[in-house]
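Q: Could you take me through the charged side chains of this model in some detail? I would like to see how they pair up and how open their surroundings are.

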Amino acid sequence: MYTAYTGNSHYCYSNSLHMCLKQAGMVNLPDAGMLECMTGMPFGALFLQFETPLFFPSHADLNPHSGLSRALNILGWNCTLWQGDDAEAALDALTENLKKGPVLLGPLDLGFLPYDPNHKLKRGGDHFIVILNLDGDRVQVHDPQFYPFAVLPVDDLMRAWDATGLGYATNAYTLRGDFQEERQVTTDEMLEDTLRNARELIHAAPSGPVFFGGSKAFRLAAGVIRNRPPQTFAGMLVHFVLPIGARRCLDAADFMKSTGQTEAAEWMVKKAESYGLAQYYATQEDWKGTEGLFERLAEIEDRIAESI
């Protein structure tokens, strides 16, 4: 038995999608945690063997952009997807799509959102927001990370929206608008498709030479932590990887329980607890304790794969 979590988190794209679908009138709209599971992001781990290594609590074949497309397909909904590299064309596309309702924008760079008092410290971080209105030289947005009805100049929006420097972005500008139901999907069908995706992702872990998944990803991360991790690696752990990893695992546990996968649900809770304890150790720079928890996470990842 465990206590479910409700609160703020780094679920920017799932929360943004939830806002757009709610405004579009979706009946029986899943909550943001379930939408996160539909994106596939909670199922897997990724270690990048770069000169400065990286670790993410998500699958190698996914990113927020592709995850959104995956979730919409499971839900039976579609939208207008616009992508391009010309700023003027992007602004025109935003203006046109706003005539049909809120627009989901991203990825964009957190470092150029001036309503966030800490935005300059977040340069290079990816984010998703919902655009509500464009009035002259200002836009009004719902930013799911703390800021409803935030306002910023169009020039700042365009700087933030230019995703050229964000690793997984295929175009500078991406938006989704005009959300509509394409086909009726029952709740059972949504759960079945999400479980099918989860199984495929969990059992399809890359094994190098640059991308590593599954338990190997955790063990490679443990090796980096063992020798005192680089500052960038440590910063990513405590500010992003560990808290969102714990949240994703709790939502995945709820999902697994709802589909009768009780053993997998129990392992997901253990995984969430390990992420949570690692958050304390890593913040205290107890790298031996953090390393041990990543070795534990590797074992849990294997148990999840065996149970589902």
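**Charged side chains up close**

A: Happy to. Let's start with Arg296, which is partly exposed, with a relative accessible area of 33%. Keep in mind that this is a predicted model. The partner of Arg296 is Glu299: the two form a salt bridge in which the closest N and O atoms are 3.6 Å apart. Glu299 is partly exposed as well, at a relative accessible area of 36%. Both Arg296 and Glu299 belong to helix 10, and their spacing of 3 residues is about one turn of the helix. Salt bridges with shared partners also tie Arg219, Arg226, Glu291, Glu295 and Asp302 into one network.

Two members of that network deserve a look of their own. Asp302 and Arg219 meet through their side chains in a salt bridge, with an N to O distance of 3.9 Å. This pair connects distant parts of the chain: Asp302 sits in helix 10 (residues 287-307) and Arg219 in helix 7 (residues 214-226), 83 residues apart. The 3.9 Å distance is worth noticing if you plan to apply your own criterion, because the rule used here asks for a side-chain nitrogen of Lys or Arg within 4 Å of a carboxyl oxygen of Asp or Glu. As for their surroundings, Asp302 has a relative accessibility of 26% and therefore counts as partly exposed, since that class lies between the 20% limit for buried and the 50% limit for exposed. Arg219, at 34%, is partly exposed too.

Next comes a pair in another setting. Asp251 and Arg247 form a salt bridge whose closest N and O atoms are 3.1 Å apart. Their home is helix 8 (residues 231-258), where they are 4 residues apart, about one turn of the helix. Here both partners, Asp251 and Arg247, are buried, so each has under 20% relative accessible area. Across the model, the count reaches 15 salt bridges.

Finally, some charges gather with others of their own sign. Asp85, Asp86, Glu88, Asp92 and Asp162 make up a negative surface patch. Residues in such a patch have no salt bridge, so these five acids stand apart from the pairs described above. Asp162, one of the patch members, is found in the loop between helix 5 (154-161) and strand 8 (173-181). With a relative accessible area of 30%, Asp162 is partly exposed.

Methods
Residues numbered from 1 in each chain as written. Predicted model: local features only at pLDDT ≥ 70, side-chain atom pairs only at ≥ 80, totals over all residues. Heavy atoms only, no water. Patch = residues over 30% accessible without salt bridge, like charges linked within 9 Å, V, L, I, M, F, W, Y side chains within 5 Å. Areas by Shrake-Rupley, 256 points an atom, 1.4 Å probe, with all protein chains shown as cover. Lys, Arg positive; Asp, Glu negative; His and termini not counted. Charge placed at Lys NZ, Arg CZ, Asp CG, Glu CD. Helix = DSSP H or I, 4+ residues; strand = E, 2+ residues; numbered from the N terminus. Buried < 20%, exposed > 50% of the residue type's maximum accessible area, 1.4 Å probe, protein only.
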